Amino acid sequence: MSKQENQMYFATDPTAKHDEHIIDYHVDGIDLKFNTDAGVFSKMRVDYGSGVLIKAMKDISFPKANILDVGTGYGPIGLFAAKFWPDQEVDMIDVNERGLNLARENAKVNNIENVNIYASNCYEQIDNDKKFGLILTNPPIRAGKKVVNEILIGANEHLVSGGVLLVVIQKKQGEPSARKNMINTYGNCEILTRDKGYYILKSIKN
């Protein structure tokens with residue numbers, strides 16, 4: 001990914017010249033097709049960390065409330081969540097309008113209807129009365145530590161009691177700091193998976 005694209009994938013309105021691709025991705029017999037474009041995160045393939053999170057989350061137990069994908073991009077994490085739990089409603093949020101439009105298109109391409117896809121800077125546009133049993137995120141590291149911390153700490157206000165926050169982050173890109181913040185916020189943080197430097201961190205709201 002170029003420096004310009006790094007700066008653009010968490011922009012509200014990326015100006016990168018369009019460069020569209022189609023990705024096929026398979027997990028446990030579920031095959032999804034993703035349309036991608038320049039100006040979104042990991043346009044050429046489903047990011048390895050996102051893949052680790054998708055594979056880890058399918059075995060998670062959580063209160064059967066709503067599900068939230070923070071920083072959805074073109075939608076791989078949220079759309080797989082919607083397929084894994086078709087009886088749940090999945091909210092998918094991002095600041096990147098190009099990514100959100102692709103996520104909406106990808107939901108239609110894959111005949112997924114149990115999703116709400118909309119713009120929100122972290123949790124700003126989340127209905128305060130709506131709570132989630134599971135919050136998923138592959139946080140935008142290059143947006144800076146402040147944004148990442150807002151996602152990890154802010155999730156606490158939006159989880160039901162017993163709700164689960166599931167995060168994928170590389171050790172070299174802030175995993176120790178993220179784990180410390182999650183322990184301070186939730187009183188617990190479990191390392192579920194380590195895979196090629198990517199860690200899956202899980203906290204439960206008490």
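**View 1. The largest nonpolar core gathers 40 residues.** Welcome to this predicted model. Inside this core, the residues with the most contacts are Phe34, Met57, Phe80, Val115, Leu134 and Leu166. Helix 3 gives the most to this core, contributing 6 residues. A second core, separate from this one, has 22 residues, including Phe132, Leu159, Leu165 and Cys189. As background, nonpolar side chains in soluble globular proteins tend to be buried together.

**View 2. Here we look at Phe34 and its contacts.** Leaving aside neighbours within four places in sequence, Phe34 is in contact with His21, Ile22, Ile23, Tyr25, Val46 and Tyr74, and also with Gly75, Pro76, Leu79, Phe80 and Asn106. Among these, Pro76, Leu79 and Phe80 are buried residues of helix 3.

**View 3. An open sheet is built from 7 strands.** Follow the strands across in the order 5-4-3-6-7-9-8, and you will find mixed pairing. Strand 5 and strand 8 (190-195) stand at the edges with a single partner strand each, so one side of each has no neighbour in the sheet. From one strand to the next, the twist averages 15°. Further in, strand 6 and strand 7 are parallel and pair over 5 bridges. Look for Leu136, which stands opposite Leu166 in strand 7; Leu166 also appears among the residues with the most contacts inside the largest core.

**View 4. Helix 3 (residues 76-84) packs on the sheet.** This helix touches strand 3 (66-70), strand 4 (90-94), strand 5 and strand 6. The direction of helix 3 makes about 175° with that of strand 4. Helix 3 is mostly covered, with 8 of its 9 residues buried. Those buried residues are Pro76, Ile77, Gly78, Leu79, Phe80, Ala81, Ala82 and Phe84.

**View 5. Strand 4 is mostly covered, and here we meet its partners.** Of the 5 residues in strand 4, 5 are buried. Val90, Met92 and Asp94 point one way, while Asp91 and Ile93 point the other way. Strand 3 runs parallel to strand 4 and is joined to it by 4 bridges. Across this pairing, Leu68 stands opposite Asp91. Between strand 3 and strand 4 the chain passes through helix 3, making a right-handed β-α-β crossover. Strand 4 also pairs with strand 5 in the parallel sense, over 5 bridges. There, Asp94 has Ala119 of strand 5 as its bridge partner. The chain goes from strand 4 through helix 4 to strand 5, and this β-α-β crossover is right-handed too.

**View 6. Asn111 and Cys122 each have a positive phi, although neither is a glycine.** Asn111 sits in the loop between helix 4 (97-109) and strand 5 (115-119), with a phi of about 55°. Cys122 lies in the loop between strand 5 and strand 6 (132-137), and its phi is about 50°. Which of these residues is buried, and which is exposed? Asn111 counts as exposed because its relative accessibility is 68%, over the 50% cut-off. Cys122 is buried because its relative accessible area of 9% is under 20%.

**View 7. Ala155 is a buried loop residue.** Look for it in the loop between helix 5 (145-154) and strand 7 (159-170). Its relative accessible area is 0%. Not counting residues up to four places away in sequence, Ala155 touches Tyr123, Ile135, Glu150, Leu165 and Tyr186. One of these, Leu165, belongs to the second core. The C-alpha atoms of Ala155 and Thr185 are separated by 9.6 Å, and these residues are 30 residues apart along the chain.

Methods:
Residues are numbered from 1 along each chain as its sequence is written. This is a predicted model: local features need pLDDT of at least 70, side-chain atom pairs count only at pLDDT 80 or more; totals for chains, interfaces and linings use all residues. Side-chain values use heavy atoms; hydrogens and water are left out. Helices (H or I, at least four residues) and strands (E, at least two) are DSSP runs, numbered from the N terminus. Buried means under 20% relative accessible area, exposed over 50%, partly exposed in between (1.4 Å probe, protein chains only). Contact means heavy atoms within 4.5 Å. Two strands pair if DSSP finds at least two bridges between them. Axes are lines fitted to C-alpha atoms, for helices over the stretch in contact, and angles run from 0 to 180 degrees between N-to-C directions. A nonpolar core is a set of buried Ala, Val, Leu, Ile, Met, Phe, Trp, Tyr and Cys residues joined through side-chain atoms within 4.5 Å. A crossover is right-handed if, with the strands pointing away from the viewer, the path from the first strand over the helix to the second runs clockwise.
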